[in-house]
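Me: Hi! Could you walk me through this one while I have it open?
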Amino acid sequence: MRSPGRTRIRTRLLAAFLIVAVTSAAGLSAYFLKELEGFALRKLEERLHTESLIVAEIVSEAYMGDGRLSSAETDGLTTALQAAGPDIFSRVRVLDAQGVALVDSAGDDGVGEAYGELSEIQTALAGDYGAATRVTASDRVALYIAEPIIHDGTVVGVAYSSSTTFSIVTLLQTYRTRLLVVVLLFVGVTFALTELLARWLSAPLRDLSDGAQAFAAGDHSVRATPMGSLETRAVAEAFNAMGDEVERVVRELKDEELRTTRFVSDVSHELRTPLTAIRGAAETLLEGDVPADDERRFLETMVRESDRLGRLANDLLTLQRIEGATGELPLRRVRLRVIAERAAESLEPLTDGRGVSVTIAGEGPTVLGDSDRLQQVVGNLLDNASRMTPKGGAITIVLSRENGFATLSVLDEGPGIPEDALPHLFDRFYRAQASRDRSTGGAGLGLAIVHAIVQAHAGTITAGNLPHGGSAFTLRLPAIDD
Ligand SMILES: Nc1ncnc2c1ncn2[C@@H]1O[C@H](COP(=O)(O)OP(=O)(O)OP(=O)(O)O)[C@@H](O)[C@H]1O
Ligand SMILES: [Mg+2]
């Protein structure tokens, strides 16, 4: 899946490496070769200069006047130079005052040749030190040194010495094959290094890319291992943070979806039961021929189940209002004792009918709240407690202050709450005693409403069992100090 415009890290690295390596190697080589060439030339000049000085000194002694040299000296010099010729790497000549060769270390063929036109010879004949470099036909650099031979203050000839040295061009030509091998080795090492480096650098990126692909394919649990450079680590950490976030959001969405589905099926289930009962009763009545006793019973069922439907609709509406309107409750200063008294009073017909007593104990601090909603909380708790408490039993509402909080507990003498039911009590439609006859119980919305109201008041509600039997529901609200 690689388009032609995209190149791998390896290719890019290789290109960068080669450019840097080749330019720096070429630059450095050129610089040092140039230096070497200059150094060799200076050394050669020193040597040729020494040679011509020695020759000039000897010849000066042999000068006979009138432009002649002692033949004995000339012959001796010629013999010595020609004998040493093959062993010394320079050519030494002695020229007369006109620049014509009298002696030549390279052989007698050179004797008689005229050099008077050359610039270095003219300089030497004028009494100065003459030097010149020329490139020979074989691309070598030749150095020429001309030293004047002075006798009694006049220039009587020139000691002329020359030799060749290497140039960069000849050096490169000589070492051509060896250079090629070195360059190949160099490129090979560069390739190997690049490969290693590319692997090392791209490993964390490959890991990341694998992770990202798996993630995109739907596996939201994959995480990258932060490794490599600071930058790749940062990317891996950012990827992981993003992964956590996405995983959380997806989980929440799934949970929400699940809750909605369950809620809808719960609601329809709750609606179906009373509707079936009403329909059954109505059909039986329609068929006629029903004894008067039964007729009354069927009508009562219809009324009771209709009430149940009405309550269900009200409860659902209440829940939806409270949960949808967080922070919009009209909050006033409220004394929980007053709330408890009102709730107990309004439920008196019910509790009396069930034969249970309700007592209120203690005082709590003032809280901020919506008194109607809070009365609904206490009412729902009292309704449950009175339903669970056997005839003749007692319910106690205890108010107190507990470091910064006002607490209200409803204690009953019922069977208590099974351990496994505790975590679900405040869920919608949850009933601990599933087998219980629906007609005596509610839809399981009471505690869900309690929970929603308490949350809207920034408080908490907990349920537990009392050591000597019965259950306790404790409401905690932030106290305001008066
Ligand atoms: N004081 C209590 N003692 C024992 N169990 C309780 C008590 N209060 C509540 N429960 C259990 O918790 C369940 C949920 O209570 P909740 O008030 O939400 O629903 P409900 O009373 O069944 O119906 P609704 O309140 O909607 O009429 C009850 O069905 C009951 O099993
Ligand atoms: Mg209830």
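Me: Before we start, what is the mean pLDDT of the protein?
Reply: This is a predicted model, and its mean pLDDT is 87, with 94% of the residues at 70 or more.

Me: Which element has the lowest mean pLDDT, and which the highest?
Reply: The lowest is strand 2 (residues 68-69), with a mean of 70. At the other end is strand 9 (residues 357-361), with 97. Where pLDDT is low, the predicted coordinates should not be read in detail.

Me: OK. How is the protein divided into domains?
Reply: Domain 1 covers 9-174 and domain 2 covers 329-478. Their C-alpha centres are 120 Å apart.

Me: Let's take the sheet with strand 4 in it. What is the strand order there?
Reply: The order is 4-3-7-6-5, in an open sheet of 5 strands with antiparallel pairing. Strand 4 (101-104) and strand 5 (130-135) are the edge strands, each pairing on one side only. From one strand to the next, the twist averages 20°.

Me: And how many bridges link strand 6 and strand 7?
Reply: There are 11 bridges, in the antiparallel sense, between strand 6 (residues 141-151) and strand 7 (residues 154-165). If you want a pair to click on, Ile145 has Ser161 in strand 7 as its bridge partner.

Me: Which strands does helix 1 touch?
Reply: Helix 1 (residues 9-62) packs on that sheet and touches strand 3 (91-96), strand 5, strand 6 and strand 7. The direction of helix 1 makes about 25° with that of strand 6.

Me: How far apart are the end C-alpha atoms of helix 1?
Reply: They are 79 Å apart. With 54 residues at 1.5 Å a residue, helix 1 should span 80 Å, so the two values agree.

Me: Which residues of helix 1 are buried?
Reply: Those are Leu44, Leu48, Glu51, Ser52, Val55, Ala56 and Val59. It helps to remember that an α-helix has 3.6 residues a turn, so residues three or four places apart point the same way.

Me: Switching to the sheet with strand 9. Is its pairing mixed or antiparallel?
Reply: The pairing is mixed, in an open sheet of 5 strands with the order 9-11-12-14-13. Strand 9 and strand 13 are at the edges with a single partner strand each, so one side of each has no neighbour in the sheet. The twist averages 15° from one strand to the next.

Me: What packs on it?
Reply: Helix 8 (residues 336-346) does, touching strand 9, strand 11 (394-402) and strand 12, with its direction at about 170° to that of strand 9. Helix 10 (residues 371-388) lies across strand 9, strand 11, strand 12 and strand 14, running at about 25° to strand 12.

Me: And what does strand 14 pair with?
Reply: Strand 12 (residues 405-411) pairs with strand 14 in the antiparallel sense over 7 bridges, and Val410 stands opposite Phe473. Strand 13 (residues 460-465) and strand 14 (residues 471-478) are also antiparallel, over 6 bridges, with Gly464 opposite Ala472. Strand 13 and strand 14 make a hairpin with 5 residues between them, and Gly469 in the turn has a positive phi of about 95°.

Me: Last one: is Ala448 buried or exposed?
Reply: Ala448, in helix 11 (residues 446-456), is buried, because 23 other C-beta atoms lie within 10 Å and the cut-off is 20 or more. Beyond its neighbours within four places in sequence, Ala448 is in contact with Leu319, Phe426, Asp427 and Arg428.

Conventions:
Residues are numbered from 1 along each chain as its sequence is written. Chains are lettered from A and ligands numbered from 1 in the order in which they are written. This is a predicted model: local features need pLDDT of at least 70, side-chain atom pairs count only at pLDDT 80 or more; totals for chains, interfaces and linings use all residues. Two strands pair if DSSP finds at least two bridges between them. Helices (H or I, at least four residues) and strands (E, at least two) are DSSP runs, numbered from the N terminus. Axes are lines fitted to C-alpha atoms, for helices over the stretch in contact, and angles run from 0 to 180 degrees between N-to-C directions. Two residues are in contact if their C-beta atoms, placed from the backbone, lie within 7 Å. A residue is buried if 20 or more other C-beta atoms lie within 10 Å of its own, exposed if 12 or fewer, and partly exposed in between; C-beta atoms are placed from the backbone. The expected span of a helix is 1.5 Å times one less than its number of residues. Domain bounds come from an automatic or database domain assignment. pLDDT is the predictor's confidence in each residue, from 0 to 100.
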